[in-house]
Amino acid sequence: MPVYYARYELADGYIHNWLFAGPQAIPVLDLDHYQGQDWKLQIARHYHVPGTSEVPGTSQPPVQDEAFVVDDTALTWKYYRCDDDHFVDCTAFYHICHYLRSWAYSRVVSPAAREVTCILTTNGPADVWLNGKHVHRHEHFHHQIPVSVSFRAKLKKGPNDFLVRFEAVAARECPYAMALRILDPLPEAFVFVPTSHAGVARRQTVERAIEAAYLDRDVYVWDDDITVHWPEEMVASAELTVRLQKPSGWIYSEARPTVSAGYKKSMGQPFQVPEGPFQIFLIPSLQEYYEGNLRLERKVALAAVRNKYSQTSYGTFDERRGEALMDAARREINLFSEIAKMALGDWADVKNDVILEAIEGINQRKDCSDFYLVGLLGMLQRYGDDPSFPESLRQPLEACVLNFKYWADEPGADSMWFWSENHQILFHACEILAGQLYPERTFTNADQTGQWHREKGERLAISWLLKRGAGGFSEWDSNCYFEEDLLALSHLADLADSQPVYDLATVIMDKMFLTMALNSYKGTFGSTHGRTYTPHIKGARGESTAGISRLMWGMGVFNDKILATVSLACVENYGFPRIIGDIAADLPEEMWNRERHAGTYEEWRDRAAGDWEVNKVTYKTPDSMLCSAQDYHPGAKGVQEHIWQATFGPDAVAFVTHPPCLSEEGSHRPGFWHGNVVLPRVAQWKDVLVAVHKLPDDDWLGFTHAYFPAWAFDEHLGRAALDGDFGAFQDKILALDVAFGDLAMRCATLRGDMLAFGWEGAFLRNEQPQPLSGFKHYDNPYCVADLPAAELEVRYGDQVMRLNFAAG
């Protein structure tokens, strides 16, 4: 096969154009053999293969689309174009432990021989070969932010073949990226990528057209046009193939346009396709792609939503319960769709294979097994005696329950995570319900009876519940992990035989719903969040809590996050307090809420025991809501914290973050939109927020950025009742006195205050210091409570609710 070379330029010395193969993913099934803090390094050294640059079964150099086999893994050399963050990024989530290795090849053409410094940036171990000679290896592990290592290399005049093999040990989230930079290359140096396509000039034109395509939003609703755009400044035109397809590859529409400057192409509307994730898949013309071997591809993620969003309360709980169960049942996405069918009495539609697949995952002790085991246990207790319950499921279910590992102190090493707040209560709920089902049976993993497990689970659950009652949640206002908390609590508040467990689970559910109501705007849980992910903050339609609020008080939307929604819809022994729904729907002229949540972390792995605390505020009016965490560890490394957000509607939200990369894959923590590399210093007084970011000199991307979906906003962001029309609002904003200093600012507000704030020092309002910490647990027009809280009294109109957080 003839080989041709496509030319690309270095990007500030970074190689952006590669042939990539991998990852080869090898399951690590004997985790008990790797003990200690360096267990990942032990695994990497066990599987590491030293040697030459030759990759088994591939030519030297490799060619795009060439297939080969490593061990028993079939791989193909694919073209990879780095984004502006310079990474070859293979980040993904692995529910069981795997050893990963990948290969990246590129040819650098130098006009003269030259010794250079190369900088290799990875999360894990890596090797580099240059012209067939091994020139570098490092063996570090840095779980989230990759680290750079420099080495010297001698470039010869002409072509220089770089091959990088980079590794990872994946257990749950696995950030897995590589970047290679050549410092001070000769200006005339460039990159060659080998290809079997002869028209390399044509390749450049088509590639630029593919890369220029963009969507103006991430979520499309009902009759929105799913439209692909090309920029007005685009120079050349090209014939492309554009598909709307599922991530699995199922195609729903295809177009074959010739695209040029300002071109746009509608690919359909959400009501025409199933609800859920989709991709815009862009490739060259079919003839060039399939016959000419011009294998250029790009996928752009989007979501199609058919369900309408409710911004006002409607219906009764029973009516919404039926809607929630029917919506979950029709989705058929996991075990909880099948549970919804059972709750509806649709036994003929129950798919046993989906339930058996969940059982098999639990038997493998995949991470998040606790999410699904609690569902199975609730299913058994609620519907196991129904004559229609499938007999073929009984033995697999019983074996699964009796052989599970219910807590971290039991035998066996695996990838299950026990230590985050939401996983803790899920494991405890599983242990309680399993012990109730089989009190006299021996559970094989711990060699203890079900009664022993029940008592242990109750003891641990009560400890967890008392902490949440007294101090709140370290994963505060999490619009993803509140789903898992409520998944566990809804089972305990409905099925627990222990009165203290039942009582505490009930009041903690009430407290969580109250917290959601206080910090939501027309169904959007637009609060600051202790942990979140990108799909949950780019508007409210993807929040895991959206279906929960829709079910409980009629505001939000039913979506594919169904675990807690289905579980709550199945509950029979919990009565939702009407006062909470009324508070959620209340939109006074002004609502100013301060909260403090605090507690103690338990020691686990490499984290010492210690205290945690967050002080947060919410300002809500009939027109918008602004929320933030005040002065929360400024300058510290961030993970998944969402420090502030302005909310105007389910799609119209705004916030700013400091990203480490351009990937939106959720296993980056932080990622492009969720979390911050370095936490900012934030202060808020009602409708004015100041966020100060202090980026390190060597910051990888060197910027902060704002999420501001312009399509979702009308022209008015102020309050018409106070600020007049949009023109008057603009004039008032532009006339404000604003001054910036060195990481500090001073500004007048529309409400007549003068605020001053910076990276250091007090937050001043009209020259008076304002508190940024030491708040009460809750302090708002509906309730006031000290921290720690023994009880909470909530008032709205003539309604009163008292929550007692003490053990019975």
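This is a short walk through some helices, a strand residue and a few unusual backbone spots in a predicted model.

Let's start with helix α7, which covers residues 369-383. Its 15 residues reach 21 Å from the first C-alpha to the last, close to the 21 Å expected at 1.5 Å a residue. How much of α7 is buried? The count is 12 of the 15 residues, so α7 is largely enclosed by the rest of the structure. Those buried residues include F371, L373, V374, L376, L377, M379 and L380, and S369 and D370 are also among them. What do they pack against? The partners are α5, α6 (352-363), α8 (394-402), α9 (421-437), α11 (481-495) and α15 (563-569).

One of those partners, α5, deserves a closer look. Helix α5 spans residues 335-344, and its axis lies 10 Å from that of α7, at an angle of about 15°. Angles under 35 degrees count as roughly parallel, so α5 and α7 fall into that group. Their crossing is left-handed. On the α5 side of the contact you'll find L335, F336, I339, M342 and A343, and on the α7 side F371, Y372, G375, L376, M379 and Y383. Sorted by class, this contact has 10 nonpolar residues, 1 polar one and no charged ones. If you look at the spacing of residues in a contact like this, it helps to remember that an α-helix has 3.6 residues a turn, so residues three or four places apart point the same way.

Now hop along the chain to helix α12, residues 499-518. Here 20 residues reach 29 Å from first C-alpha to last, close to the 28 Å expected at 1.5 Å a residue. Is α12 largely enclosed or largely open? It is largely enclosed by the rest of the structure, because 16 of its 20 residues are buried.

Helix α12 packs with α14 (residues 546-553) at an angle of about 100°, with the two axes 12 Å apart. Since angles of 65 to 115 degrees count as roughly perpendicular, that is how α12 and α14 are described. In this contact, F513, M516 and A517 of α12 meet I548, S549, M552 and W553 of α14. By class, that makes 6 nonpolar residues, 1 polar and no charged ones.

Next, a single residue: E613, which sits in strand β26 (residues 610-620). With a relative accessible area of 33%, E613 is partly exposed. Setting aside neighbours within four places in sequence, E613 is in contact with R596, H597, A598, Y632, H633 and G774. To get a feel for distance, compare E613 with F68: they are 545 residues apart along the chain, and their C-alpha atoms are separated by 53 Å.

Finally, some backbone oddities. Most residues other than glycine have a negative phi, and most peptide bonds are trans. Where are the exceptions here? G22 and P23 are joined by a cis peptide bond, with omega about -5°, and P23 lies in strand β2 (residues 17-27). Another cis bond joins R669 and P670, with omega about 10°; P670 is in the loop between β29 (653-657) and β30 (681-685).

As for phi, D65 has a positive value of about 75° although it is not a glycine. D65 lies in the loop between α1 (39-47) and β3 (67-70), and is partly exposed at 24% relative accessibility. D71 also has a positive phi, about 55°. D71 is in the loop between β3 and β4 (73-76), and is exposed, with a relative accessible area of 52%.

How values were computed. Residues are numbered from 1 along each chain as its sequence is written. This is a predicted model: local features need pLDDT of at least 70, side-chain atom pairs count only at pLDDT 80 or more; totals for chains, interfaces and linings use all residues. Side-chain values use heavy atoms; hydrogens and water are left out. Axes are lines fitted to C-alpha atoms, for helices over the stretch in contact, and angles run from 0 to 180 degrees between N-to-C directions. Helices (H or I, at least four residues) and strands (E, at least two) are DSSP runs, numbered from the N terminus. Angles under 35 degrees count as roughly parallel, over 145 as roughly antiparallel, 65 to 115 as roughly perpendicular and the rest as oblique. A crossing is left-handed if the near helix is turned anticlockwise from the far one by less than a right angle, and right-handed if clockwise. Contact means heavy atoms within 4.5 Å. Ala, Val, Leu, Ile, Met, Phe, Trp, Tyr, Cys and Pro count as nonpolar, Asp, Glu, Lys and Arg as charged, and the others, Gly among them, as polar. The expected span of a helix is 1.5 Å times one less than its number of residues. Buried means under 20% relative accessible area, exposed over 50%, partly exposed in between (1.4 Å probe, protein chains only).
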